[in-house]
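Ready for a bit of practice at reading a structure? Have a look at what is shown below, then try the exercises before you peek at the solutions.

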Amino acid sequence: MNQAEVIAKLQTIFDTVFLEPVVLTPAISAKDVPEWDSLTHISLMVSVEKAFGVRFRVGEVENSKNIGEFADLIIKRKLEP
Amino acid sequence: MDAGEIKKLLLSNDPEFWSCLKTLTGSARDFEELFLLSSLRKKAHARKLENPNVTAKKIRLAIVGGYSLYPLHELIEHLCEVDGLPVELWQGDYDNYISEIMDDDSELYTFTPHVVFILPAERRCTYTGHLTDPRELQQAEAQRAVDSILELARKVNEKTRAEVITTNFMLPARHDLGAFRSRTLGSDWSFRKWVNLELGLNAPSFLNICDWEFLANRLGGIAARDERSWFESKQPCSSALLVELAREAANLIAALKRAPKKVLVLDLDNTLWGGVLADDGLEGIELGDTSPRGEAFKAFQKYIASLKQRGVLLAVCSKNDLAKAQEPFQKHPEMVLRLDDIVSFKANWEPKSENIRAMAPELNLGLDSFVFVDDNPAEIEIVRQFAPEVTTILLGPDPSDYVTQLADCRLFEPRNITAEDAERTNQYRSDAQRKALEATVTDMASYLESLEMESVMSEFVPVDVPRLSQLINKSNQFNLTTHRRSEAEVIAVMNDKNFAGFSVRLKDRFGDHGLISIIIGEKVGDTMKIDTWLMSCRVLKRGVEKEVLNELARLAKLKNCTRLEGVYLPTSKNEMVRDFYGKMGFTLTAESETKREFELKLENFQPATTKIKIVRRAYEPS
């Protein structure tokens, strides 16, 4: 899976979680999306981990500055045995 | 119905949104699913799309505790509101609950809550000393942990008169300490178990326990925890358990505001027994130990009987002819429920919704106290539509799940302790003392006496045929001749005047053993030949065999016989009864490798006395 494919799949998750449509780009981040608060974030991460079958390590999600970096993190975790 | 459809309803400001939200919320199991529904609910409020069915005054709910209370508060608020009990929330700060409660001027008290939900910090419920410290020391610390929670609850209640709910503690789910874990009160495992028990047993009536230990156990100890979410955002447990915790809290809050259900209305065919009474007949319905399905239906009846014991009223609503429908309650030997267990019995061809409506004034109860159980979706639908106040339960396709469905329905849970309960407790105590006394009795006769055994002897009757044949074909050890017989052959014996067959049922104060012995005698001239004598080994040494011989002798005399003839046919499994006839006072008359023959002259026969009360004898009017 490359970054674009991951973002495409993330888009479907975001479409479910958020009522107002959000068009994901690598540069977009939580502060650009009004509905993306700390509460929604918890739910979003549960959905992403289930959808991709990955488990992030403690604290690493908050180090991703935008969707692009977040997608790269998903790829990195997916590549782990 | 799914997330996409409900979003459309929301975006078109359709009030249908709310009933749809309720349905989806009821079935949502995953955290993210429930969370999404809650977000949609908040959006609906923001769009001024209001729920037409919510008119109740808001419950002022305060949540405090040793964890981050986000997003738990969100889930609780959602579940309460969707259930028709909207709440106004106040949350304490992370791990600030002790000062929030102890400080008289805290915001908690200016909020004037109706209900306060406390989640005491797990990490404070741990023994601080050494694992091998004296038990007294460990116990004293555990007691202090209990007392501190009770003290917080008392303080809240005194200040606010609010109902208080507190969680207890999850148990560890890791192997740490190994087998030593349960040998010391110093382990978190034992310490928390002790605290949970003491907390529950000593909770005053204003305090409700949200049993987190139970919830975690039900979900699975490992699935209950998520260490990462603790480090990242001080979450109390895994998101999966958070859903269950929120549901439990919402359930407890609803229970404070609503009366429990009082009446369980039961369908009959394929609900209380398998099959259709009108088609299969009294003998044909599946009920009791003859088949796995029959056992499942009987277990369901036993569970229903236990609800009755808790105070739930039982009623029947069936599409049947009344006399026919009542027959199993009067005549079927495997029925647990009897006519006098049923407070209202409606069997007719009117719609079930009308029948249940008629019950309400009869029992002087509101329709909202009724729960209706049926295996037929069409009947459930009629009641839903035409008696919507009634709660309905559609039983699934497998009767082995029936008990589970009722046991998880959460409609008949007892509330806090009343004075009446306390009185009953006293009665139980004196009962227990009496039983303890009995337990000290050591000789066999007193033991048998204390069992309070009762037996029913019955000629073969059609309704027993499946059980008779089944026991005849599976009984091996206590079986003198091992003559097998099909149901048709049992029926042939039943209808032949030369045969005297009877069955024996036994119950004692611990329960009903059911049909445990079968005897078939055949009159040949002046002799009663014992064709079959078998018994379940569960009731050995109770005196049943003596009563059977008494009965056999009585029947033989009635048929003008002067002697009994018994035969032992050895098999690989019935060695235990090789000398049975000898011990019962018979004389050995012939012996070979394949056969031992005995006789008993009846002229001098004296019936033996036992500790069994014979309630009914065979071939006599009951």
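Two exercises follow, and the model they use is a predicted one.

**Exercise 1.** Work out how many residues each chain puts into the contact, and which helix of chain A gives the most to the side of chain A that touches chain B.

*Solution.* Start with the totals: chain A brings 11 residues to the contact and chain B brings 17 residues. Next, look for helices on chain A's side. Helix H1 (3–17) and helix H2 (38–52) of chain A each supply at least two residues there. H2(A) gives the most, with 6 residues. Finally, sort the side of chain A that touches chain B by class: you get 6 nonpolar and 5 polar residues, and no charged ones.

**Exercise 2.** Find the order of the strands in the open sheet of chain B, and say which strands stand at the edges.

*Solution.* Trace the 5 strands across the sheet of chain B: the order is E8-E7-E6-E9-E10, with parallel pairing. Now check the ends. Strand E8 (342–348) and strand E10 (391–394) of chain B each have a single partner strand, so one side of each has no neighbour in the sheet. On average, neighbouring strands are turned by 20° against each other, direction ignored.

Then zoom in on one pair. Strand E6 (residues 263–266) and strand E9 (residues 370–374) of chain B run parallel and are joined by 4 bridges. Here Val263(B) sits opposite Phe370(B) in E9(B).

Last step: see what packs on this sheet. Helix H15 (residues 352–363) of chain B does, touching E6, strand E7 (313–319), E8 and E9 of chain B. The direction of H15 makes about 150° with that of E8(B).

How values were computed:
Residues numbered from 1 in each chain as written. Chains lettered and ligands numbered in written order. Predicted model: local features only at pLDDT ≥ 70, side-chain atom pairs only at ≥ 80, totals over all residues. Contact = placed C-beta atoms within 7 Å. Nonpolar A, V, L, I, M, F, W, Y, C, P; charged D, E, K, R; others polar. Pairing = 2+ DSSP bridges. Axes fitted to C-alpha atoms, helices over the stretch in contact; angles between N-to-C directions.
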